[in-house]
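Hi everyone, thanks for coming. I'd like to walk you through one structure today, and we'll take it slowly. Have a look at it while I talk.

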Amino acid sequence: MSAYAGRLRVRRADLGEPVLERLVIALAARVDLSVDRISDAQLVIETLVGTLRRRDGDGVLDVVLAAGPAGVDLSVGPLARGQAAQVVADSAVPGVGVVLDRLVDQWGVEPLEDGGETLRLTIGPGTPAVT
């Protein structure tokens, strides 16, 4: 079970990646993820923020962070209905595949009462979702 670590609201797109990356790295180190998985976490944040910025460059980025034995959990939202899975799909890089799907242990979509949704990602100590 992960423990709540904090909530981050980024209003400036240029600060989203460096701030979120540092927080996730600190949490990953705190739960003893390997250096390789911490590096994967950096790539996840870079890809996630870049993909979200391309989809909605002026939007506010809300992220809830948690950490525990399963790794680091991120919940990003609120997103419009259907956008969470699309963010994952849009992270595809030619010759590599869908980056977010390859580097996280698991991801999912949580519906919100207002019709929107949240993208939930877990970066854990184990094998990424797709090898």
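Let's start with one residue, aspartate 62. Its relative accessible area is 11%, so aspartate 62 counts as buried, since the cut-off for buried is under 20%. Keep in mind that this is a predicted model.

So what does aspartate 62 form a salt bridge with? The partner is arginine 9, and the closest N and O atoms of the two are 2.6 Å apart. Along the chain these two are 53 residues apart, with aspartate 62 in strand E2 and arginine 9 in strand E1, so to speak linking distant parts of the chain. Arginine 9 is partly exposed, because its relative accessible area is 49% and you need over 50% to be called exposed. As a general reminder, side chains of opposite charge can pair when their charged atoms come close.

Okay, those two strands belong to a sheet, so let's zoom out. In what order do the strands of the sheet come? The order is E1-E2-E3-E7-E6, five strands in an open sheet with antiparallel pairing. At the edges you find strand E1, residues 3-10, and strand E6, residues 106-111, each pairing on one side only. On average, neighbouring strands here are turned by 20° against each other, if you ignore direction.

If you're new to sheets, here's the background: strands pair through backbone hydrogen bonds, either parallel or antiparallel.

Now pick out one pair from the sheet. Strand E3, residues 71-79, and strand E7, residues 117-123, run antiparallel and are joined by six bridges. To see one of them, find valine 72: its bridge partner in E7 is isoleucine 123.

Next, the helix that sits on these strands. Helix H1, residues 13-30, lies across E1, E2, E3 and E7, and runs at about 10° to E2. One residue in helix H1 is valine 19. Is valine 19 buried or exposed? Neither, really: valine 19 is partly exposed, because its relative accessible area comes to 35%. Together with Leu15 and Leu23, Val19 makes a nonpolar surface patch of about 200 Å².

Back to charges for the last part. How many salt bridges does the structure hold? There are five, and we've met one of them, between aspartate 62 and arginine 9. Let me show you two more, and both involve arginine 37.

The first partner is aspartate 40, at 2.7 Å from N to O. Aspartate 40 and arginine 37 sit three residues apart in helix H2, residues 35-55, which is about one turn of the helix. Both of these residues are buried.

The other partner is aspartate 105, at 2.4 Å from N to O. This pair reaches across the chain: aspartate 105 is in the loop between helix H4, residues 99-103, and E6, while arginine 37 is in helix H2, 68 residues apart. Aspartate 105 is partly exposed, because its relative accessible area is 23%, whereas arginine 37 is buried because its value is 4%. Through shared partners, salt bridges join Arg37, Asp40 and Asp105 into one network.

One last stop in helix H2: serine 39 lies there too. Serine 39 counts as partly exposed because its relative accessibility is 33%. From serine 39 to leucine 103 is 64 residues in sequence, and in space their C-alpha atoms are 9.9 Å apart.

That's my tour, thanks for listening!

Terms used: Residues numbered from 1 in each chain as written. Predicted model: local features only at pLDDT ≥ 70, side-chain atom pairs only at ≥ 80, totals over all residues. Heavy atoms only, no water. Pairing = 2+ DSSP bridges. Helix = DSSP H or I, 4+ residues; strand = E, 2+ residues; numbered from the N terminus. Axes fitted to C-alpha atoms, helices over the stretch in contact; angles between N-to-C directions. Contact = heavy atoms within 4.5 Å. Patch = residues over 30% accessible without salt bridge, like charges linked within 9 Å, V, L, I, M, F, W, Y side chains within 5 Å. Areas by Shrake-Rupley, 256 points an atom, 1.4 Å probe, with all protein chains shown as cover. Salt bridge = Lys/Arg side-chain N within 4 Å of Asp/Glu carboxyl O. Buried < 20%, exposed > 50% of the residue type's maximum accessible area, 1.4 Å probe, protein only.
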